Amino acid sequence: MAEYPDRSQYPAHLPDGSCDIDLSSGKYLKLWQGPNHPGITGNMSVELTVCGDEVVEGRTHVGYLHRGFEKLMERRTFIQCFPIVCRICVPEPDFNEYCYAAAVEELAGVEVPEKANWIRTLILEMGRVNSYLMYLGGQAGAFGQGVIGQWTTYARDLMLDRFEELTGARIYHMFILPGGVRDDLPEGFDQRMEETLREIESTLADVHDTMFRNAVFKKRAMGLGRVDPAWVDEYGVTGPVARAAGVAKDVRSDQPYLVYRELDLEPVIAHESDAYARADVRRRDLLMSVDLIRQVLARMPRKGPVMATLPNVLHWKIPRGETYVRGECSRGEYGYYLVTDGSGYPRRVNVRGPSYTHAMALLEKLIVNVNISDVAGLLVSLHTYPPEIER
Amino acid sequence: MMQSLYDRLKDRFNLGEFTGRRADLAFVTVSREQLRPLLLHLRDLEGFTHLVLLTAVDWIEDDTFQLTYLLNDRARARDIGVRLMLPRDDTQMDSIHDLWPTAATYQRELREMFGIDFPDSPRVNEDFILEGWVDIPPYRREFDTLRFARETYPERPGRETHDPATYMKQQLYPDGEDNG
Amino acid sequence: MKDELDKRLDNQPDGPERRGSLKDIPVREELLPRWVKGPEGQEYVVEPLQDYFCQAGPTVQTPAYTRIIEDLFNWARAESLWILGFGTGCGAIEMRPLMTPRFDAYRYGIQWRPTPRQANLFVISGYLSVKTLKRAIRSYEQMQNPKYVVGLGSCTINGGMYWDSYNTIKRLDDYLPVDLYITGCMPRPEALLQGFDDLKKLIRAGKAEGANHYAEHFDWYKANQKRVIKDWDMPDYSW
Amino acid sequence: MSVRDVLSPFAAWKHLFRDPVSIKDPFNREASERYRGFHQNDIEKCIGCGTCEAICQNGAIDMLPVSGVDGVQTRPGDSGLRPRIDYGRCCWCALCVDVCMTGSLSMSNAYKWVEADPDKFRYIPGVDKKHWDDYEHGYRRPEGHRLNAPERIEMPELEPGERIDSFAEIVGGYSVEQARLEADRCVTCGICVATCPTHMPIPEYISAVRDGDYEAGLKLLYDSNPFSQICGKICTRRCETTCAASHEGDPIAIRWLKRHITEQVPFERYRAIIGEPAAATGHSVAIVGAGPAGMTTAFDLARLGHKVHVYEAQSHAGGMTRYGIPEYRLPFDTIQREIDLIVSMGVEMHYNTRIGADISMAQLQQDHDAVVLSIGLWLGRSTRVPGSDHRNVYKAVDLLRRIRDGEQLQAPKSMVVIGGGNVAMDIARSMARLQQQQHGQIAITLTALEDKSHFLADPVEIKESIEEQVTILDSRGPQECMVDDQDNLLGLRTWRVHSIFDENGRFAPSYDDGDEMVHEGEWVVEAIGQMSDVAILGDELTEKLDWNRGRIQVDEDGRTSESWLWSAGDMVRGPDVVHAVADGHRTARSIHAHLSALDKQENA
């Protein structure tokens with residue numbers, strides 16, 4: 001048996017702080033995780049350089065889902081952009097619709113009816129529930145627990161049924177458009193929603209027992225991918241990742257939009273800042289969303305219009321201006337930077353998705369010294385979604 | 001709130017146009033030399049610790065790129081967008097990855113999609129989103145995505161359409177007159 | 001579909017380069033030949049393009065000698081659609097409900113596999129960016145015969161809502177042999193099940209001949225693929 | 001970590017005996033009621049305006065001709081095109097449904113479509129039959145959800161109380177802001193263009209209003225209609241009846257937007273915008289009658305460089321617009337500016353020149369290369385009921401002319417008007433003003449054969465007449481103008497109308513003599529139609545010309561059987577300004593072709 005060098009000595013650090021990785025030395029191996037890999041959320045890849053079974057360097061590669069939304073929007077009228085924005089994020093498309101609509105409304109000076117704001121809040125919270133449910137299944141799956149995903153996908157599907165009856169679509173709802181929302185709640189919606197919420201709560205109780213109180217999960221997730229609170233600002237960390245690091249960063253309470261000012265909510269935080277804490281923050285946040293949905297349905301006005309009167313959308317021109325509108329999605333701060341130039345088309349739209357910072361700079365920092373088998377778990381624990389990065 | 005901030009800043013920095021957007025959001029233009037000091041000042045003394053985004057707008061008719069650095073001050077719930085006008089023929093800009101490490105990603109994207117260079121920014125010349133791209137940077141205004149798509153990716157043939165008014169003219173009064 | 005494709009093959013203009021000013025794209029560093037030192041100190045040359053890939057092209061799979069046996073094969077193939085777990089686009093999100101109890105595709109003999117070697121059905125779940133197209137081609141070519149491709153969503157048919165995007169292909173059948181299309185944006189799980197059911201019928205009838213078509217018209221497909229993948233830095237056939 | 005963490009996951013076992021949650025038959029699961037599935041189109045309701053195509057951000061919709069399918073045909077108000085949708089493009093956003101102008105387009109909740117041939121995913125909803133055509137559920141545009149404002153911007157007008165005692169113009173005209181809002185409602189489909197007799201580029205000039213580019217708008221107007229100022233006020237606006245917006249809301253106020261353009265451009269600029277006429281050709285054309293048809297012909301021919309002489313029996317040009325339409329609808333100065341503009345193109349006017357009396361047709365034929373006869377309809381028709389020859393039974397056209405000529409009519413205390421057209425409204429409302437001025441009260445009864453929904457008059461006219469205290473009685477057939485033994489007119493006796501036409505569609509009114517009414521009136525005014533005074537032509541010419549039921553027979557370009565004589569306007573087409581304008585263009589084109597042919601002959 002040959003003598004293998006002690007891998008803890010590798011890689012050596014160069015004076016500028018980068019690693020000295022000499023592939024031809026035979027000590028390192030390049031390993032591509034993705035783009036087709038079950039442990040990858042969405043379609044991206046991580047180029048791992050490993051030494052033994054430990055990662056010494058990771059590089060995120062994105063662009064597999066790049067469709068050039070920001071360019072396409074520059075040649076679509078303001079109303080024509082509305083169906084396309086939701087495609088930027090599949091698990092939680094409504095934030096695109098809301099942020100885009102809010103930015104357009106602000107620059108065009110459109111006043112949204114009160115009731116539309118409540119319905120928008122309802123939809124965003126429903127979307128958050130969906131996104132978290134999908135995350136929980138993925139997070140458990142990444143650590144080898146198949147059953148959680150079976151449960152949460154079922155629970156999410158019930159919520160999709162509510163989406164379908166409210167918005168007329170399962171995934172891309174295209175319901176929040178500039179000026180308001182398309183339609184009112186259907187007959188008997190509250191009751192069916194309550195049944196769905198109960199089902200989700202019961203699923204979550206099971207998830208709590210089998211996942212969060214599971215020795216395997218705890219063993220693998222605790223201590224994995226610890227985010228230093230100081231990195232929150234340096235790396236533009238937002239959402240549950242920041243909240244799990246003890247920073248109570250939540251746009252819903254920091255800069256309340258829509259009707260959040262009128263709802264009771266308290267940012268969910270944790271301090272351990274590892275994969276487990278992040279999962280737990282999301283679980284508790286999910287429960288809060290369930291509560292918020294109940295609050296919205298209990299308090300929202302039942303009468304009144306849901307759509308403002310728009311100018312003829314076929315030749316709708318918006319005066320020159322620029323703005324930024326943000327919201328708190330399940331992964332963190334989602335925002336639209338919209339620039340108009342007085343024409344009928346946006347001059348520039350820039351979508352700021354939370355994964356942009358999480359999956360790139362932050363992941364590349366966290367991934368060093370992680371075991372190969374935990375890479376998927378770490379990646380999922382940042383809850384990234386690649387189309388937000390490349391759009 | 002934003003106006004008072006501007007009043008404080010304008011004594012220290014040579015600021016350009018100030019645009020108050022909302023009570024909690026304003027944009028201000030700054031020169032290239034003053035960008036770094038201004039960002040530092042905002043970050044360290046005014047509490048704008050969170051770099052929300054860094055992106056560019058192509059004002060091709062003015063021959064400039066506008067770089068927008070959007071900063072957020074969570075404690076006071078306010079945002080400021082710092083605008084910087086960059087001539088289109090001199091698309092080099094100083095990197096700020098040492099202020100916010102995450103800026104390197106944004107700069108890489110700007111390099112690829114707008115062709116704005118940030119020397120010294122880590123891995124700025126690596127492919128980011130595109131792969132094997134051979135045309136001009138696609139987010140530049142002069143890049144025509146529809147034309148490129150038509151030339152590069154064949155569409156399914158067999159589509160034709162008619163303009164209602166023209167079609168009605170053909171059918172009802174082809175000589176420009178009708179006799180009804 | 002076959003006839004239609006054949007017709008288009010005849011009308012193909014010569015020369016893969018339609019845009020004049022292509023820069024020369026260097027081969028990626030990791031694909032260049034290099035010296036590698038083994039753990040025991042011995043040194044040897046690795047030429048990735050030569051060493052890691054097979055040089056032969058795909059071959060047409062001929063049917064079994066007798067009709068009965070071929071029918072039996074087709075029945076077996078139809079009843080075990082193993083899908084490659086490669087979500088190429090947004091449509092992949094509707095796979096999850098299919099994999100889980102609510103829609104439960106497993107009861108119809110459909111399941112998902114993590115690697116191309118174990119899969120015989122490639123679902124192109126929506127638009128393909130050029131970057132993904134490259135991976136999709138490689139994944140497809142690594143799949144074992146008989147294999148099938150289903151185009152999911154309108155963007156595989158004629159570009160869908162990305163019809164004017166500079167980074168997505170518009171018609172999938174130019175690059176991969178598609179056996180079946182399911183329209184929708186995105187198609188619901190029920191529509192996918194319907195599609196899989198229709199595919200089964202096609203397979204049973206012996207009409208899902210996409211892979212053979214790919215083998216027969218390999219050059220045409222390659223020319224199309226190379227026309228959009230400007231930095232072709234892989235072997236022509238990734239088997 | 002504790003023992004609990006090892007045992008707790010076993011809680012999952014409690015699901016062992018739970019009923020499965022799988023959907024038993026996923027192949028036949030119906031989508032929700034609002035689901036946005038495959039398209040449906042009510043092709044009889046659809047007008048092929050192409051707004052769905054315009055809004056589709058995927059370029060998924062083509063407009064294709066389907067004429068002949070299920071009675072769809074290209075006709076005014078329907079392009080005969082229907083949308084074909086490419087499901088290789090569609091993203092099911094339903095913007096097309098939201099914007100659909102007629103509400104014909106909707107979506108069923110069908111969602112399954114699998115096909116081996118990718119070219120099959122294109123279809124024309126409603127024409128290419130699909131199994132979901134009759135689906136009951138699916139996405140319909142929610143009530144009140146509109147992407148363009150359905151209501152017209154109200155035109156500022158004088159209130160009835162303010163306008164009743166004067167002939168001041170009622171309509172105030174849009175402000176720039178109002179006009180822009182109204183122009184904004186237009187979807188630029190262009191369906192209206194085919195309906196407009198003179199095919200004005202309506203979407204283009206409405207776009208000019210939207211963009212505030214009034215000079216470009218004015219150029220578009222005058223290239224197709226030299227009576228744009230006048231039409232901007234009193235056009236019968238048939239375009240608005242076929243406006244796509246009229247199907248689910250008010251039609252665009254096309255007439256008022258035209259008016260707005262003419263008001264926004266200073267009159268001094270008109271001439272420069274319209275441009276100089278072409279170089280003189282040496283040809284000369286005579287036009288008899290300075291009405292819209294004659295003056296349009298004159299304008300066109302003068303711009304082409306021909307010398308035009310217009311002979312007019314009255315002291316002013318304008319024809320019926322000058323002498324038949326009351327001032328509160330069309331002020332004199334508007335007409336005068338329009339005429340001045342046409343004259344400035346080099347048209348020579350000969351006023352107070354009556355054919356037959358002052359100059360003969362033979363003389364005109366001799367002096368000019370071509371002659372246009374556009375003498376309009378100036379003789380009022382009579383009901384010929386007993387007593388209608390009484391001196392206090394008037395023709396509406398005669399009265400209107402006298403009022404517009406400045407005569408101080410002594411209005412009767414009460415009067416009856418017979419007729420339900422615009423002329424009847426005009427005389428009723430004019431006399432109402434005189435009554436108000438002279439007696440301080442109004443007593444006018446208007447009777448018509450038609451029921452209210454079939455009145456020929458513009459609904460706005462009817463509404464405003466009622467506001468001005470005219471009593472309107474519909475379905476009344478005049479039987480007698482009642483005269484007492486001192487030969488004073490007492491009023492009109494009418495019967496209720498059963499039906500107006502017989503089963504062959506011929507005019508043959510039948511009455512219910514049990515329902516008789518007597519309408520008191522010192523005067524009775526007949527406003528039931530006009531005819532042309534063709535006696536001026538002289539016997540010789542009358543003999544030579546071909547006639548068709550009392551009208552001069554013309555070919556489709558307005559040329560009579562005499563090669564030098566054209567006829568245009570109301571006398572050929574019936575009473576309508578914008579038709580007369582269209583006719584003028586047509587005649588001018590025909591004459592120009594004739595003159596060009598003459599030139600060619602000479603050169604050859």
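This passage describes the fold of chain D, with emphasis on one parallel sheet and one helix pair. The model is predicted; local features require pLDDT of at least 70, side-chain atom pairs count only at pLDDT 80 or more, and totals for chains, interfaces and linings use all residues. Residues are numbered from 1 along each chain as its sequence is written, while chains are lettered from A and ligands numbered from 1 in the order in which they are written.

Chain D contains 22 helices and 23 strands, taken as DSSP runs numbered from the N terminus (helices H or I, at least four residues; strands E, at least two). Along the principal axes, its C-alpha atoms fill a box of roughly 120 × 75 × 50 Å. Of the 604 residues, 50% are buried (20 or more other C-beta atoms within 10 Å of the residue's own, with C-beta atoms placed from the backbone; 12 or fewer is exposed, and in between is partly exposed). Among contacts (C-beta atoms within 7 Å) with a separation of 6 or more, 74% join residues 24 or more positions apart.

An open sheet of 5 strands has the order E12-E19-E13-E14-E15, with parallel pairing; pairing requires at least two DSSP bridges between two strands. Strands E12 (393–395) and E15 (470–473) are the edge strands, each pairing on one side only. From one strand to the next, the twist averages 20 degrees (axes are lines fitted to C-alpha atoms, for helices over the stretch in contact, and angles run from 0 to 180 degrees between N-to-C directions). Helix H18(D) packs on this sheet, touching E13, E14, E15 and E19 of chain D, and its direction makes about 175 degrees with that of E14(D).

Within strand E13 (residues 415–418), D:Met415 and D:Val417 point one way, D:Val416 and D:Ile418 point the other way, and all are buried. E13(D) pairs in the parallel sense over 4 bridges with strand E19 (residues 523–526), where D:Val524 is the bridge partner of D:Val416. A parallel pairing over 4 bridges also joins E13(D) to strand E14 (residues 444–447), in which D:Leu446 is the bridge partner of D:Val417. The chain passes from E13(D) through H18 (residues 422–439) to E14(D) in a right-handed β-α-β crossover (clockwise from the first strand over the helix to the second, with the strands pointing away from the viewer).

Helices H13 (residues 292–303) and H22 (residues 577–603) of chain D pack at an angle of about 40 degrees, with their axes 7 Å apart. H13(D) and H22(D) are therefore oblique to each other (under 35 degrees is roughly parallel, over 145 roughly antiparallel, 65 to 115 roughly perpendicular, and the rest oblique).

How values were computed:
Contact = placed C-beta atoms within 7 Å.
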